Amino acid sequence: YSAVELIRSKRDGHTLEPDAIRWLIDAYTSGRVADEQMSAMAMAVFFRGMTDAELSVWTQAMIDTGERMTLPGLARPTVDKHSTGGVGDKITLPLAPLVAACGAAVPQLSGRGLGHTGGTLDKLESIPGWRAELGGDEMLAQLRDVGAVVCAAGTGLAPADRKLYALRDVTGTVESIPLIASSIMSKKIAEGAQGLVLDVKVGSGAFMTNEPAARELGERMVALGRDAGVRTVALLTDMDAPLGLTIGNALEVREAVEVLAGGGPGDVVELTLALAREMLALAGLDADPAEVLASGRAMDVWRRMIAAQGGDPDAPLPVARHSEVVAAEASGVVQRMDAMALGVASWRLGAGRTRKEDAVQAGAGIELLVRPGDRVVAGQGLLVCHTDTPEAFTAAREALAGGIEIGEQSAPPRPLIIDRIV
Ligand code: URA
């Protein structure tokens, strides 16, 4: 095959043959197709899309560039969850131990954050001593002994995606539904779990800001899972406002621990339980996650899961050195607390990174003092910004500008769980 011919073919709206796709992905991963050629192909896919058959072959070809794990020797059914990314989305932290406490094994290979959405590993790394990197044997042993493991994905899973994602990131080709679907699903299928629940975010703080696009992403990912023999379900959930009352690494861990202790914000609890029910149904287990959460057994698994990776579940979490309250400029009802604005502000405060090699601040981020729908008076605190680097307050205030609206209507609440895609 010739890369140029294939690029022209996709550019002109033709369908790529399975063998051509397999050749392209393999040749790109091994360096025989150049970055500039793959960027042109990604842009052609961005505009022309992919048929279901093309997408299925593309995804399988990405998986075939690495290993597909098998998770041998586990007595429990394996099931995982993946979120397409949001602001304040700490759900994995209470969810993985909860589902493990209900009898499943949860292998959650996660990433670090880039841009305005946080990464699960960054959050957990705010716990003193906790380490993200585990060898394959260590991971399996923890899955067997504790039932839940959240760790860094090794370089062996879908290496094509590692390369392609970095390329898309700098060529304006991240926001393509088939490219996102194949990127996420190649890694998740390679991870080897028998069941997978997808949390597809829609709203200002998500990749997909409108519902039809998010629904299409969910449908295509569910179809890819099925094709590959993984039982897959997706929930379409709201990301116009942040989840819960905290954004930022240690702040989110604190909130997750509150949920495991039986408290925490209602939306975080609701989504955790809804995703847990889906995961348990896929795993064929009929435990009641609300009961297990209330019993404290999920907290026990959390403590063992953290300790198994060197973390001290009793150690105080890092706190940022400086904080500043952002107050309401007028009285009225909070109409909107824009997830993107708050996510970017938290990132500016130091909770996120701009380049892959940047460090994140464990204590930085935002605590919400009010939620959309709450009545406030002028001068009342709306949120608290936290950072170790107080010069960041200015950038955070700029990011927040216009993101919080106060008005007179009582805005109708949008449901957190919008739909279920099977
Ligand atoms: N997350 C991924 O892993 N890949 C994408 O393309 C988008 C989000």
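Okay, to start: which residues does Met279 touch, if we skip those up to four places away in sequence? The answer is Val79, Lys81, Val99, Ala104, Gly195 and Val197. Before I go on, remember that this is a predicted model.

I picked Met279 for its place in the core. The largest nonpolar core has 134 residues, and Met279 is among those with the most contacts inside it, along with Val99, Ala100, Ala104 and Ala345. So two partners of Met279, Val99 and Ala104, are on that list too. As general background, nonpolar side chains tend to be buried together in soluble globular proteins.

Now, the overall layout. The domain assignment gives domain 1 as 3-49, domain 2 as 79-154 plus 186-308, and domain 3 as 322-407. Between domain 1 and domain 3, the C-alpha centres are 42 Å apart.

Next up is helix α9, residues 177-190. With 14 residues at 1.5 Å each, α9 should span 20 Å, and its end C-alpha atoms are indeed 20 Å apart. All of it is tucked away: 14 of the 14 residues are buried, so α9 is largely enclosed by the rest of the structure. Just past the helix, Gly192 has a positive phi of about 90 degrees.

And α9 matters for the ligand shell in a simple counting sense: it gives the most residues, four. Around the ligand you'll find Gly85, Tyr165, Val174, Leu179, Ile180, Ser183 and Ile184. Sorted by class, that's five nonpolar, two polar and no charged residues.

Let's back up a little, to Thr173. It sits in the loop between α8 (159-169) and α9. Is Thr173 buried or exposed? Thr173 has 22 other C-beta atoms within 10 Å, and 20 or more is the cut-off, so Thr173 counts as buried. Thr173 and Ala42 are 131 residues apart in sequence, yet their C-alpha atoms are 6.2 Å apart in space. Beyond its sequence neighbours up to four places away, Thr173 touches Ala42, Met43, Phe46, Arg168 and Leu179. Leu179 is also one of the residues around the ligand.

Ala42 takes us to helix α3, residues 35-48. It also has 14 residues and reaches 20 Å end to end, close to the 20 Å expected. Ala42 is buried there, as are Met38, Ala40, Met41, Ala44 and Val45. The buried residues of α3 pack against α1, α2, α8 and α9. After α3 comes Gly49, with a positive phi near 75 degrees.

Technical notes
Residues are numbered from 1 along each chain as its sequence is written. This is a predicted model: local features need pLDDT of at least 70, side-chain atom pairs count only at pLDDT 80 or more; totals for chains, interfaces and linings use all residues. A nonpolar core is a set of buried Ala, Val, Leu, Ile, Met, Phe, Trp, Tyr and Cys residues joined through C-beta atoms within 7 Å. A residue is buried if 20 or more other C-beta atoms lie within 10 Å of its own, exposed if 12 or fewer, and partly exposed in between; C-beta atoms are placed from the backbone. Two residues are in contact if their C-beta atoms, placed from the backbone, lie within 7 Å. Helices (H or I, at least four residues) and strands (E, at least two) are DSSP runs, numbered from the N terminus. The expected span of a helix is 1.5 Å times one less than its number of residues. A residue is near a molecule or strand if its C-beta atom, placed from the backbone, lies within 6 Å of it. Ala, Val, Leu, Ile, Met, Phe, Trp, Tyr, Cys and Pro count as nonpolar, Asp, Glu, Lys and Arg as charged, and the others, Gly among them, as polar. Domain bounds come from an automatic or database domain assignment.
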